[in-house]
Amino acid sequence: MDLRIPAIVCAARTHGETGVILRILSEDHGLIASYVAGGRGRTLRPVLLPGNLIEAELRARPGSQLPSARVELVASRGPWLTEPLPAAAITWATTLAAAALPERQPFAALYPALVALLDAICHAPSARGWLPGMTAFEALLLRELGYGDVERSADPDWNAQLAVFDRLGPLVARYPLADRRSDVMAARAMLRERLGRID
């Protein structure tokens, strides 16, 4: 593997003293795990935040199946990760992608959908502007993974949109997250609790 690709940071887990196992979503190559040397350092830590858009250079490592990655920041979601509701939404969307998608299988529709959702979360005046995008992303992920189409409401009413979000939750937990739902669904539960505070 020798690639240079735009990607979305979906998850970063510490590995060893200074390294990070990074999971990124790209349009043409799907979800890719890689090792970032020095990823826990002061320079790279803000680059590896969930939701960030990056340029990743991936190279096969001798004697390892995990490629090494060098990354450059393209667009940061950092400012929105300090706000409780946008942070919960970004965390859920990226966590879902990292947990549900199989490695190195392209799902070309999911990458632009996730980019659009993250843009909406960061730039819409309120959650009313991006919650339909969140449910659309969840429904698209279910469809792309082969779990069928999910009917969603076009009703713009806030309570109707929350009802759609609530209906999708059990489907996401039951199908793509069946073997890891407790950890991952906690991120969705936090988002739902914060959405519930909106009048």
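In the predicted model, helix 3 comprises 18 residues, numbered 127-144, and extends 25 Å from its first C-alpha to its last, close to the 26 Å expected at 1.5 Å a residue. Its buried residues are Ala127, Trp130, Leu131, Met134, Thr135, Phe137, Glu138, Ala139, Leu140, Leu141 and Leu142. At the end of this helix, the side chains of arginine 143 and glutamate 144 form a salt bridge, with a nitrogen-to-oxygen distance of 3.7 Å. Glutamate 144 has a relative accessibility of 27% and therefore counts as partly exposed. Arginine 143 is likewise classed as partly exposed, because its relative accessibility is 42%.

Just after helix 3, glycine 146 adopts a positive phi of about 95°. Tyrosine 147 is placed in the loop between helix 3 and helix 4, the latter covering residues 158-174. With a relative accessibility of 38%, tyrosine 147 counts as partly exposed. When neighbours within four places in sequence are left aside, tyrosine 147 is in contact with Leu142, Tyr175 and Pro176. The C-alpha atoms of tyrosine 147 and leucine 171 lie 9.0 Å apart in space, although 24 residues separate the two in sequence.

Helix 1 was examined next. Its 17 residues should span 24 Å at 1.5 Å a residue, and the C-alpha atoms at its ends are 24 Å apart, which agrees. Of these 17 residues, 14 are buried, so helix 1 is largely enclosed by the rest of the structure. Tryptophan 92 belongs to this helix, which runs from residue 84 to residue 100. The relative accessible area of tryptophan 92 is 0%, and the residue is therefore buried. Residues up to four places away in sequence not being counted, tryptophan 92 touches Met134, Glu138, Val172, Leu177, Val184, Met185, Ala187, Arg188 and Leu191. Two of these partners, Met134 and Glu138, appear among the buried residues of helix 3. Another partner, arginine 188, is 96 residues from tryptophan 92 in sequence, yet the two C-alpha atoms are 5.6 Å apart. Arginine 188 also takes part in an arrangement with an aromatic ring: its charged end sits over the ring of phenylalanine 165, at 3.7 Å from the ring centre. As for pairs formed between aromatic rings, a search of the whole structure finds one.

The largest nonpolar core contains 47 residues, of which Trp92, Leu114, Trp130, Met134, Leu177, Leu191 and Leu195 touch the most other members. Two or more residues are given to this core by each of strand 1, helix 1, helix 2 (110-123), helix 3, helix 4 and helix 5 (181-195). Helix 1 supplies the largest share, 11 residues. Leucine 177, one of the core residues named above, touches Trp92, Leu96, Ala99, Ala100, Val172, Val184 and Met185, again without counting residues up to four places away in sequence. Apart from this core lies another, made up of 17 residues and including Ala7, Val9, Leu22 and Leu44.

Charged side chains were then considered. Side chains of opposite charge can pair when their charged atoms come close. The count of salt bridges comes to 12. In one of them, the side chains of glutamate 55 and arginine 4 meet at 3.8 Å, nitrogen to oxygen. This pair links distant parts of the chain, 51 residues apart, since glutamate 55 is in strand 4 (residues 53-59) and arginine 4 is in strand 1 (residues 2-15). Glutamate 55 is partly exposed, as its relative accessible area is 21%. Arginine 4, at 43% relative accessibility, also counts as partly exposed.

Arginine 4 forms a salt bridge with glutamate 72 as well, at 3.1 Å from nitrogen to oxygen. Glutamate 72 lies in strand 5 (residues 68-75) and arginine 4 in strand 1, so this pair ties together parts that are 68 residues apart in sequence. Glutamate 72 has a relative accessibility of 44% and is therefore classed as partly exposed. Arginine 4, glutamate 55 and glutamate 72 belong to a network of salt bridges that also links Asp2, Glu57 and Arg59.

Notes
Residues numbered from 1 in each chain as written. Predicted model: local features only at pLDDT ≥ 70, side-chain atom pairs only at ≥ 80, totals over all residues. Heavy atoms only, no water. Phe/Tyr/Trp six-rings, centres within 6.5 Å; stacked < 30°, edge-to-face > 60°. Lys NZ or Arg CZ within 6 Å of the ring centre and 35° of its normal. Helix = DSSP H or I, 4+ residues; strand = E, 2+ residues; numbered from the N terminus. Expected span 1.5 Å × (residues − 1). Buried < 20%, exposed > 50% of the residue type's maximum accessible area, 1.4 Å probe, protein only. Contact = heavy atoms within 4.5 Å. Salt bridge = Lys/Arg side-chain N within 4 Å of Asp/Glu carboxyl O. Core = buried A, V, L, I, M, F, W, Y, C linked by side-chain atoms within 4.5 Å.
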